[in-house]
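Please take a moment with the sequence and the model below before reading on. The paragraphs after them are meant to be read with both in view.

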Amino acid sequence: MRTLFLVIGIIALLMGLVWTGQGAGLIQWPEQSFMINQSQWMWYGASTAFGGFLLIMISRKV
């Protein structure tokens with residue numbers, strides 16, 4: 001269970017950081033993404049990254 005939480009947490013953290021970067025317009029990849037410069041994706045990404053961080057912390061305590 002510990003490994004599963006860690007893997008899912010890392011994936012969620014990285015995915016959330018990418019979404020946040022795209023929403024903020026810092027990551028312009030792919031060029032025609034609907035997420036670029038859309039502020040709601042900054043919030044979705046930040047929430048996902050935070051959830052991933054929590055899963056990583058939980059996996060270290062279990």
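What follows moves from the overall build of the protein to its aromatic rings, and then to a few single residues.

The model shown here is a predicted one, and its chain is built from two helices and zero strands. Helix H1 covers residues 2-24, helix H2 covers residues 39-61, and between H1 and H2 there is a loop, in which serine 33 has its place. Taken along the principal axes, the box that the C-alpha atoms fill is roughly 40 × 15 × 15 Å. If one looks at contacts between residues at least 6 apart in sequence, 51% of them join residues that are at least 24 apart. Of the 62 residues of the protein, 26% count as buried, and of the about 4500 Å² that the protein exposes, 71% is supplied by carbon and sulfur atoms.

A good place to look next is the set of aromatic side chains. A pair of aromatic rings is described by the distance of the centres and the angle of the planes. The count of aromatic pairs in this protein comes to three. In one of them, the ring centres of tryptophan 19 and tryptophan 41 are 5.4 Å apart and the planes stand at 80°, which is over the 60 degrees required, so this pair is edge-to-face. The pair links distant parts of the chain, since tryptophan 19 belongs to helix H1 and tryptophan 41 to helix H2, 22 residues apart. Tryptophan 41 also pairs with tyrosine 44, again edge-to-face, with 5.0 Å from centre to centre and 90° between the planes. Because tryptophan 41 and tyrosine 44 are three residues apart in helix H2, about one helical turn separates them. Seen together, ring pairs link Trp19, Phe34, Trp41 and Tyr44 into a cluster.

How buried or exposed are tryptophan 19, tryptophan 41 and tyrosine 44? Tryptophan 41 has a relative accessibility of 17%, and because buried means under 20%, this residue counts as buried. Tryptophan 19, with a relative accessible area of 23%, is partly exposed, and tyrosine 44, with 44%, is partly exposed as well.

Helix H1 also contributes to the surface of the model. Leucine 14, which lies in this helix, has a relative accessibility of 51%, and because the cut-off for exposed is over 50%, leucine 14 counts as exposed. Together with Leu6, Ile10 and Leu17, Leu14 forms a nonpolar patch on the surface, whose accessible area comes to about 340 Å².

Two serines complete the tour. Serine 59 lies in helix H2 and is buried, with a relative accessible area of 3%. A polar atom of the serine 59 side chain lies 2.7 Å from the backbone oxygen of isoleucine 56. Leaving aside residues up to four places away in sequence, serine 59 touches Arg2, Phe5 and Leu6, and Leu6 is also one of the residues of the nonpolar patch.

Serine 33, in the loop between H1 and H2, is likewise buried, with a relative accessible area of 17%. A polar atom of the serine 33 side chain lies 3.2 Å from the backbone nitrogen of methionine 35. The C-alpha atoms of serine 33 and leucine 14 are separated by 18 Å, with their positions 19 residues apart along the chain.

Key. Residues are numbered from 1 along each chain as its sequence is written. This is a predicted model: local features need pLDDT of at least 70, side-chain atom pairs count only at pLDDT 80 or more; totals for chains, interfaces and linings use all residues. Side-chain values use heavy atoms; hydrogens and water are left out. Helices (H or I, at least four residues) and strands (E, at least two) are DSSP runs, numbered from the N terminus. Buried means under 20% relative accessible area, exposed over 50%, partly exposed in between (1.4 Å probe, protein chains only). A polar contact is a pair of N or O atoms within 3.5 Å; within protein, one must be able to donate a hydrogen and the other to accept it, and residues adjacent in sequence count only if both atoms are side-chain atoms. Contact means heavy atoms within 4.5 Å. Patches are made of residues with over 30% relative accessible area and no salt bridge: like charges are joined within 9 Å, nonpolar side chains (Val, Leu, Ile, Met, Phe, Trp, Tyr) within 5 Å. Accessible areas come from the Shrake-Rupley method with a 1.4 Å probe; for residues, only the protein chains shown count as cover. A salt bridge is a side-chain nitrogen of Lys or Arg within 4 Å of a carboxyl oxygen of Asp or Glu. Rings of Phe, Tyr and Trp (its six-membered ring) pair if their centres lie within 6.5 Å; planes under 30 degrees apart count as stacked, over 60 as edge-to-face and the rest as tilted.
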